[in-house]
Amino acid sequence: MSEFRLGVIGTGIVAALHLEAARAVPGVRVTAVCDIHEAAAVQAAAGTGATAYTDHRRMLTREPLDGVVITAPHALHAGMTLDAAAAGVPVLVEKPMATTVADCTAMIEACAAAGVVLAVGHVVRFDPAAHRVARLLRSGDLGDVLAIHHHRTAHYQRGSRPGWFFDPVMAGGGIVMNVGIHGLDRIQWAGDGTAESATARVWHRDGHAVETDAMGSVTLSSGVAAGFLLTSAAGRFHDETTVVCSRGALRWSSTDGTWASRDGAPETQVMAPGGGTGEAFAAQLADFVAACRGHRPPEVGGDYGRSVVATVLAIYASAASGRPASLCRS
């Protein structure tokens, strides 16, 4: 099979994970890397033998790419995706897909019109634990899913991440848009439905323009109710989802593994913690390559990516109004 020539736009921490994934997927070679900071582009390209660019449009038109990964700040995703579609290059865009539902729709329409793949980087889907959780829940062994709760912590103190994450325009939001989006993906995955409404409150601690903490609930199309707590409060790291079922419960933790209890018995471990973030990124890239080669649609496409952004924005709308908010999907 011919070599898959991959371009990468953006050279931050997440880009490094994509570059590592490219080394792990057979037949993939990074041939171009772009960042507005030339030194960063050159440094990232040096480890791959790729050509460094500071202008993504020039890279897209000059390089014969089979696909591009977009890891730039959130508000830039839409424009860069439209540019890639215009150049006929398939796109794997990092989460969040964009910062508005309208931008998500424009991305979907542009890629469809150009006949190129659009995949969205909800990498949790490629964690082996996610598939084990889905199989267990869909088997009916624990009964019907009744309710879900997700708890996640993340640093949102000054200096804890690049400055653009604290810009509400460039980032599109704070802990919900950037970190909680993984939990919302988990909730929809475990609950076998997409969110239809949200009720939430958010807090802006330490004078930040973006929210640092959030609490709320969402109702899924499957009828499942779910709650979430996202916090930057100091303490032990949490990334855990509890699924309450009619005949038991399941606990999906990034640090403790996956645990299940049945008929009131103590929980037992059904899966140890996963093989790490790198394994999930490699599986995600392999899925994107397969989609670009026409083998199957991407695991996470534009419609789903848009639905998660719509959920985040409904959470913000509810927090602003003090009332439940329905999702806007177009």
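Modeller: Welcome! Before we start, two strands count as a pair if DSSP finds at least two bridges between them. Please also keep in mind that this is a predicted model.

Colleague: Thanks! How many bridges join strand E1 to strand E4?

Modeller: Strand E1 covers residues 4–9 and strand E4 covers residues 67–70, and the two run parallel. A pair needs at least two bridges, so these strands qualify, as the number joining E1 to E4 is four.

Colleague: Which residue in E4 stands opposite Leu6?

Modeller: Strand E1 takes in residues 4–9, so that is the strand to follow to find Leu6. Across from Leu6, in E4, stands Gly67.

Colleague: Which strands stand at the edges of the sheet?

Modeller: The sheet is open and has six strands, paired in parallel in the order E3-E2-E1-E4-E5-E6. Two of these strands have a single partner each, so one side of each is left without a neighbour in the sheet. On average, neighbouring strands are turned by 25 degrees against each other, direction ignored. The edge strands are E3 (51–53) and E6 (118–121).

Colleague: Which residues does UniProt list for "domain: Gfo/Idh/MocA-like oxidoreductase N-terminal"?

Modeller: This feature comes from an unreviewed UniProt entry. Over its span the chain is 44% helix and 24% strand, with the end C-alpha atoms 21 Å apart. The record lists residues 4–122.

Colleague: And where does UniProt place "domain: GFO/IDH/MocA-like oxidoreductase"?

Modeller: The entry is again an unreviewed one. Here the chain is 24% helix and 37% strand, and the end C-alpha atoms lie 12 Å apart. UniProt places this feature at residues 132–251.

Colleague: Is Thr241 buried or exposed?

Modeller: Thr241 sits in strand E11, residues 239–245. Leaving aside residues up to four places away in sequence, Thr241 touches several others, including Ile148, Arg186 and Trp252. Buried means under 20% relative accessible area. Thr241 has 0% relative accessibility, so the word for this residue is buried.

Colleague: With which side chain does the side chain of Thr241 make a polar contact?

Modeller: Among the residues that Thr241 touches are His149 and His150. The polar contact spans 2.8 Å, and the partner is the side chain of His150.

Colleague: At what angle do helix H8 and helix H10 pack?

Modeller: Two packed helices are described by the angle between their axes and the distance between the axes. For H8 (residues 175–191) and H10 (residues 302–321) that distance is 10 Å. Among the residues making the contact are Ile181 and Leu184 of H8 and Val308 and Tyr316 of H10. The crossing is right-handed, and the packing angle is about 115 degrees.

Colleague: Which residues does a cis peptide bond join?

Modeller: Look in the loop between strand E5 (91–94) and helix H5 (101–114), where Pro96 lies. Omega of the cis bond is about -15 degrees, and the residues joined are Lys95 and Pro96.

Colleague: Is Asp192 buried or exposed?

Modeller: Asp192 lies in the loop between H8 and strand E8 (195–203). Although not a glycine, Asp192 has a positive phi of about 55 degrees. With a relative accessibility of 52%, Asp192 counts as exposed.

Colleague: What is the relative accessible area of Asp263?

Modeller: Asp263 is found in the loop between strand E13 (257–262) and strand E14 (268–271). The phi of Asp263 is near 50 degrees, a positive value in a residue other than glycine. Asp263 is exposed, with a relative accessible area of 65%.

Terms used: Residues numbered from 1 in each chain as written. Predicted model: local features only at pLDDT ≥ 70, side-chain atom pairs only at ≥ 80, totals over all residues. Heavy atoms only, no water. UniProt positions renumbered as here; feature names shortened; annotations may be inferred. Axes fitted to C-alpha atoms, helices over the stretch in contact; angles between N-to-C directions. Buried < 20%, exposed > 50% of the residue type's maximum accessible area, 1.4 Å probe, protein only. Polar contact = N/O pair within 3.5 Å; in protein donor to acceptor, adjacent residues only side chain to side chain. Contact = heavy atoms within 4.5 Å. Left-handed = near helix turned anticlockwise from the far one by under 90°.
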